[in-house]
Amino acid sequence: MKRALIFAVILSLWAVAWSLASEPMALDRNGVLWRLTATPTGTVLVGTKEGQEVARSQVPFTLGLAGQSDVGLQLLADDLTGKVVVAWQRNWSAFASEIILAVWSAGEWERIDHVTGEPGLRPRNPVLRLARAVSNYPDPVEPQKSLTSQDAYALLLWWQDFGDAGHPRLALLDLQAPPGTRGALTVVPLKNSVDFGIGCPQSLPGDVLEHPKFASASPGPVTHVLAASPSACLLFVHEIRFELEPPRQGAGDAEGGLGVTAQRRRHTPIFGVRKVLPVTRELSAEGTRAVLGADLQPVLYRVLPEGVEYTVATEQGWSAKRLLKLENGLTLDRAIALVENLAR
């Protein structure tokens, strides 16, 4: 009993420390430190430079009733466009929520998007990531010259329910599109690739199923997502790749006469599944968390009273379960960090 009480206290202290440290921050190349904070009246964006506050704004939708809250705060700063992108989960009640995406640019909110629709589907666990693609291509007017196309996208990932089932969804926002541009925001369900396979002998834990994740990597033209299937004991690694679109043809090219239009070519997203992994009964333990690194070999782990139990995906399957014990001065937060770093 005493040991269980000590473990509970450790977990509580770690949770408090984690919540304080998890307040999202982003530093842009102009030296502005951006911070996103949840307050009793709503979410506030603050920018400081060399200790001086240079920006402060509450997002346009304030909290009005008891029991409402903003959680899952996400923040990134894009140097290509100079824009700050924020996302969060707004809990309207215990049974209704939505995911909101907002863009701060030139001292004002450029756009606010309610990306999830029906609050009763309980969208939750948002994760925000920046993707960037750079390509060179011949100038259609002067082929001896080379043009460069640079595009930046905000990728927002979350989970939501659909009756007794659910699946992850992904929103893509073109950060260079002018405000109000139709088609700048696209929402894609990552569902079509996760509805096959044998049935699960037991339900996957929510910490694995309802927390789709981006792979740890610098912003680039290829992004990977780890998502679990609710109907099969499978983990999927989805790939989102941005490739340069083909040259656009002029209005008269249907008859073959005018050549390509001289305008900047953009990148377009291509979706696919890179890897499928089984989830065994042994891994379906309550409290299991999943981490995906750039090597696309997920690490699954859970916290036990004596330490952190984990397993690592390999090309031959899953490794044997291992235990990193809390001994010789190894703290819980450090043990979790060491295990998560195995997802390289």
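1. Contacts across the chain. Take the contacts between residues at least 6 apart in sequence: 50% of them join residues at least 24 apart. The model is a predicted one. The protein has 344 residues, and buried residues make up 44% of them. Its secondary structure comes to three helices and 21 strands.

2. The nonpolar core. In soluble globular proteins, nonpolar side chains tend to be buried together. Here the largest nonpolar core holds 18 residues. Val85, Leu101, Leu128, Leu156, Leu173 and Leu175 have the most contacts inside this core. At least two residues each come from β6, β7 (96–105), β9 (124–138), β10 (146–162) and β11 (165–174). The top contributor is β10, with four residues.

3. Leucine 175. This core residue is worth a look on its own. Beyond its neighbours within four places in sequence, leucine 175 contacts Asp78, Thr81, Lys83, Val85, Leu130, Ala152, Tyr153 and Ala154. Val85, in that list, is also among the core residues with the most contacts. Lys83, another of the contacts, returns in the next point.

4. Lysine 83 and glutamate 110. Side chains of opposite charge can pair when their charged atoms come close. The side chains of lysine 83 and glutamate 110 do so in a salt bridge, at 2.9 Å from N to O. Lysine 83 sits in strand β6 (residues 83–93) and glutamate 110 in strand β8 (residues 108–114), so the salt bridge ties together parts that are 27 residues apart in sequence. Lysine 83 is buried because its relative accessible area, 9%, is under the 20% cut-off. Glutamate 110 has 22% relative accessibility and therefore counts as partly exposed.

5. The second largest cavity. The search gives two cavities of 30 Å³ or more. The second largest cavity has about 30 Å³ of space. Which residues line the second largest cavity? They are Lys83, Val103, Glu110, Arg111, Leu173, Asp174, Leu175 and Ala177. Both partners of the salt bridge between lysine 83 and glutamate 110 thus appear in this lining. Leu173 and Leu175 are there too, and they also belong to the largest nonpolar core. β8 and β11 each give at least two lining residues. By class, the lining has four nonpolar, no polar and four charged residues.

6. Glutamate 239 and arginine 274. These two form a salt bridge, with the closest N and O atoms 3.1 Å apart. Glutamate 239 lies in strand β15 (residues 234–244) and arginine 274 in strand β16 (residues 267–278), so the pair links parts that are 35 residues apart in sequence. Is glutamate 239 buried or exposed? Glutamate 239 is buried, at a relative accessible area of 14%.

7. The wider set of salt bridges. The whole structure has 18 salt bridges. Arg122, Arg124, Asp161 and Glu210 are joined into one network by salt bridges that share partners. Another salt bridge pairs glutamate 53 with arginine 56, the closest N and O atoms being 3.1 Å apart. Glutamate 53 is partly exposed at 46% relative accessibility. Arginine 56 has a relative accessible area of 53% and is exposed.

8. Glycine 272. This residue also belongs to strand β16. Its relative accessible area is 29%, which makes glycine 272 partly exposed. Leaving out residues up to four places away in sequence, glycine 272 touches Val237, His238 and Glu239. Glycine 272 and histidine 238 are 34 residues apart in sequence, but their C-alpha atoms are 5.8 Å apart in space. Glu239, one of the contacts of glycine 272, is the salt-bridge partner of arginine 274.

9. The second largest pocket. This pocket holds about 240 Å³ of space. Its lining has 17 residues, and Tyr153, Asp174, Gly183, Ala184 and His267 lie nearest the centre. β11, β12 (185–189) and β16 are the elements that give two or more residues to the lining. The largest share, four residues, comes from β16. The lining divides into seven nonpolar, five polar and five charged residues. Two names link this pocket to earlier points. Asp174, listed here, also lines the second largest cavity. Tyr153, also listed here, is in contact with leucine 175.

Technical notes
Residues are numbered from 1 along each chain as its sequence is written. This is a predicted model: local features need pLDDT of at least 70, side-chain atom pairs count only at pLDDT 80 or more; totals for chains, interfaces and linings use all residues. Side-chain values use heavy atoms; hydrogens and water are left out. A salt bridge is a side-chain nitrogen of Lys or Arg within 4 Å of a carboxyl oxygen of Asp or Glu. Buried means under 20% relative accessible area, exposed over 50%, partly exposed in between (1.4 Å probe, protein chains only). A nonpolar core is a set of buried Ala, Val, Leu, Ile, Met, Phe, Trp, Tyr and Cys residues joined through side-chain atoms within 4.5 Å. Contact means heavy atoms within 4.5 Å. On a 1 Å grid over the protein atoms alone, a cavity is a set of points where a 1.4 Å probe fits but cannot get out, and a pocket is an open set with protein on both sides within 12 Å along at least five of seven lines; lining residues have an atom within 4 Å of a point. Grid points are joined across faces, edges and corners, and a volume is the space filled by probe spheres set on the points. Ala, Val, Leu, Ile, Met, Phe, Trp, Tyr, Cys and Pro count as nonpolar, Asp, Glu, Lys and Arg as charged, and the others, Gly among them, as polar.
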